[in-house]
Amino acid sequence: MGSLVTVTSRDGTPIAYERSGEGSPLVLVHGTTADHLTWEPLLPELQKHFTVCAIDRRDRGESGYGDAAGYDIEREFEDVVAVIDSIDGPTDVFGHSYGAICALEAALRSGQVRRLILYEGTFPVPKETKLYPPEALDKVQSQLEAGDQEGALTTFYRDIVLMSPEEIEMMCSLPIWPARVALAPTIPREMRAFESYVSKFDPARLVNLRTPTLIMLGGDSPASEKAAAEALDTALPDSRIAVMPHQGHLAHRTAPGVFVREVMQFLMQAQRKSVSGASRGGGTD
């Protein structure tokens, strides 16, 4: 167990994160229907090298609910910035799925992001790429209105996230499943915000984001994820794609060893590159 830290976001909402481990800071941003507990399989290894700051996004865990005036994805970006800017010194940031969008946008707003890891945020999506059938979100909404939160969550995973039956079965078996079910009502608002975000996304905004970036992708993930990863890699000045064979959207759960190796290889390599660059720069002054 780590220590609970709370910061105040721009709109006054308290945003909590669990701080654990020792070393340079690494902020973790989870996806839809999750909370900071999604990272549990990775923590034993990450804590050996980093001070891990695992966020509870607003309206879950120990974070507050600040959407009385209506949900706005921009507030999520500000939440991550609030955490990053409260930390002393440059910070590595890792976001998964919806959290990857929040992490990317935070990096565009804060000068404190040293390295960035984005795992299947599905952006920017090429125009011809179909994400999911619109009736899938309608079905989720109908199930929620009927009080079937577990059915809504399963539909979300199967028809929108496009998880395999094996991945869904694995999620259902985890102790965190009831908490995921409880968060099912957040799905429609986040997916509508996601659709709006993707439709307006301009890759040209990334041209000056020179933060070293790792784009993580499951080898068995849908074609839309592959297309999005390639488009994002093209848009970013300093990035590369890491494909995890035989994995999908939940590699941090299904193959934590493989996942951590990719993350550590990138962070250590980027750190050596940074030190080498600084050393060359110092020799020419």
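**Close-up 1. Helices α2 and α3 make a right-handed crossing in this predicted model.** The two axes run 8 Å apart, and the packing angle is about 65°. On the α2 side, the contact is made by Ile73, Glu74, Glu76, Phe77, Val80, Val81 and Ile84. Across from them, α3 puts in Tyr98, Ile101, Cys102, Glu105, Ala106 and Arg109.

**Close-up 2. Helix α3 is largely enclosed by the rest of the structure.** That wording is earned because 10 of its 12 residues are buried. The buried set is Tyr98, Gly99, Ala100, Ile101, Cys102, Ala103, Leu104, Glu105, Ala106 and Ala107. What do these residues pack against? Their neighbours are the strands β3, β5 and β6 (113-119), plus the helices α2, α8 and α9 (223-235). As a quick check on the geometry, α3 covers residues 98-109, and at 1.5 Å a residue it should span 16 Å. Its end C-alpha atoms sit 17 Å apart, which agrees.

**Close-up 3. Phe77 of α2 pairs with Tyr197 of α8.** We're still on α2 here, since Phe77 is also one of the residues in the contact with α3. The Phe77–Tyr197 pair is edge-to-face, with 6.0 Å from centre to centre and 65° between the planes. Because Phe77 lies in α2 (residues 73-86) and Tyr197 in α8 (residues 187-200), the pair ties together parts of the structure that are 120 residues apart in sequence. Buried or exposed, where does Phe77 fall? Phe77 counts as buried, at 1% relative accessibility. Tyr197 is buried too, with a relative accessible area of 11%.

**Close-up 4. Trp39 and Phe94 belong to an aromatic cluster.** Ring pairs link these two with Tyr119 and Phe259. The structure holds seven aromatic pairs. In one of them, the ring centres of Trp39 and Phe94 are 5.1 Å apart with the planes at 55°, so this pair comes out as tilted. It links distant parts of the chain: Trp39 is in the loop between β3 (24-29) and α1 (43-46), while Phe94 is 55 residues away in strand β5 (residues 91-96). Trp39 is buried, with a relative accessible area of 0%, and Phe94 is buried at 3%.

**Close-up 5. Arg205 holds its charged end over the ring of Phe201.** The distance to keep in mind for this view is 6.0 Å, taken from the charged end of Arg205 to the centre of the Phe201 ring.

Terms used
Residues numbered from 1 in each chain as written. Predicted model: local features only at pLDDT ≥ 70, side-chain atom pairs only at ≥ 80, totals over all residues. Heavy atoms only, no water. Phe/Tyr/Trp six-rings, centres within 6.5 Å; stacked < 30°, edge-to-face > 60°. Helix = DSSP H or I, 4+ residues; strand = E, 2+ residues; numbered from the N terminus. Buried < 20%, exposed > 50% of the residue type's maximum accessible area, 1.4 Å probe, protein only. Lys NZ or Arg CZ within 6 Å of the ring centre and 35° of its normal. Expected span 1.5 Å × (residues − 1). Contact = heavy atoms within 4.5 Å. Axes fitted to C-alpha atoms, helices over the stretch in contact; angles between N-to-C directions. Left-handed = near helix turned anticlockwise from the far one by under 90°.
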